[in-house]
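Work through the exercises below with the model open. Try each task before reading its solution.

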Amino acid sequence: MKPKILILNGPNLNMLGQREPDVYGTESLGDIQIRCQERADTLDLDIDFRQSNHEGDLVEWIQEAGKSSAGGLILNAGAYTHTSIAILDALRAVDVPVIEVHLSNIHRREAYRSTSYISQASDGMICGFGGLGYELALDALANMLNSAK
Ligand code: DQA
């Protein structure tokens, strides 16, 4: 069976393409999902791609990843990155490799975006590469899964 990777997207990421294109680019979240599916096919991974504007959904999906022993988690928590101890706690409660992704380079923006609670529970973070970051995260997880074999 192929390892399953859960790809979770937080608030306002459903607006990609229309939302601040100078910061986030013109790709929609649907375009990014297609990129991920194509990369996952090459890497022989299954993906489950989701988005929610609600913090509790993200917490529940992270718990679900733990219960179903997912092969990995890719998380762009949007603005919850900088505020959510609940999401940090959820990540700490599961034994699943986590890669944090941001489309923009959060360290080159407003100072409040430089702090990430998510980073304290993630294996690595990719930011500043737009939609490509999700593909790089899949590459990283595939590598981690192969070296764990
Ligand atoms: C983001 C960066 C966050 O600061 C912001 O709130 C987002 C998107 C990114 O992908 O660059 O919603 O996570």
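**Exercise 1. Place Ser69 and describe its backbone.**

Ser69 sits in the loop between helix H3 (55–67) and E3. Helices (H or I, at least four residues) and strands (E, at least two) are DSSP runs, numbered from the N terminus. The model is predicted, so local features need pLDDT of at least 70, side-chain atom pairs count only at pLDDT 80 or more, and totals for chains, interfaces and linings use all residues. Residues are numbered from 1 along each chain as its sequence is written, and side-chain values use heavy atoms, with hydrogens and water left out.

Step 1. Check phi. Ser69 is not a glycine, yet its phi is positive, at about 50 degrees.

Step 2. Check cover. Ser69 counts as exposed because its relative accessibility is 58%. The classes are: buried under 20% relative accessible area, exposed over 50%, partly exposed in between (1.4 Å probe, protein chains only).

**Exercise 2. Repeat the analysis for Glu20.**

Step 1. Locate Glu20: the loop between E1 and helix H1 (21–24).

Step 2. Read phi. The value for Glu20 is near 35 degrees, positive in a residue other than glycine.

Step 3. Classify Glu20. Its relative accessible area is 39%, so Glu20 is partly exposed.

**Exercise 3. Which strands pair with E3, and in what sense?**

Step 1. Take strand E1 (residues 4–9). E1 and E3 pair in the parallel sense over five bridges. Two strands pair if DSSP finds at least two bridges between them. Leu6 has Leu73 as its bridge partner in E3.

Step 2. Take strand E4 (residues 98–102). E3 and E4 are also parallel, with three bridges. Leu75 has its bridge partner in E4, namely Glu100.

Step 3. Add the connection. E3, helix H4 (residues 85–93) and E4 form a right-handed β-α-β unit. Right-handed means that, with the strands pointing away from the viewer, the path from the first strand over the helix to the second runs clockwise.

**Exercise 4. Sort the side chains of E3 (residues 72–76) by direction.**

Step 1. Recall the rule. In a regular strand the side chains alternate between the two faces of the sheet.

Step 2. Apply it. Gly72, Ile74 and Asn76 point one way from E3, while Leu73 and Leu75 point the other way.

Step 3. Check cover. Five of the five residues of E3 are buried.

**Exercise 5. Is Ala65 buried or exposed?**

Step 1. Locate Ala65: helix H3.

Step 2. Classify Ala65. It counts as buried because its relative accessibility is 0%.

Step 3. Look across the chain. Ala65 and Leu6 are 59 residues apart in sequence, and their C-alpha atoms are separated by 7.0 Å.

**Exercise 6. Describe Thr81.**

Step 1. Thr81 lies in the loop between E3 and H4.

Step 2. Thr81 is buried because its relative accessibility is 0%.

Step 3. The Thr81 side chain reaches the backbone oxygen of Gly78 at 2.5 Å.

**Exercise 7. Map the ligand site.**

Step 1. List the surroundings. Residues around the ligand include Tyr24, Asn76, Gly78, His82 and Arg113. A residue is near the ligand if one of its heavy atoms lies within 4 Å of it.

Step 2. Find polar atoms beside ligand oxygen atoms. Arg19 places a polar side-chain atom at 2.9 Å. His102 places one at 2.8 Å. Leu103 uses a polar backbone atom, at 2.8 Å.

Step 3. Judge the cover. On its own the ligand has 320 Å² of accessible area, and the protein covers 99% of it. Accessible areas come from the Shrake-Rupley method with a 1.4 Å probe; for residues, only the protein chains shown count as cover.

How values were computed:
A polar contact is a pair of N or O atoms within 3.5 Å; within protein, one must be able to donate a hydrogen and the other to accept it, and residues adjacent in sequence count only if both atoms are side-chain atoms.
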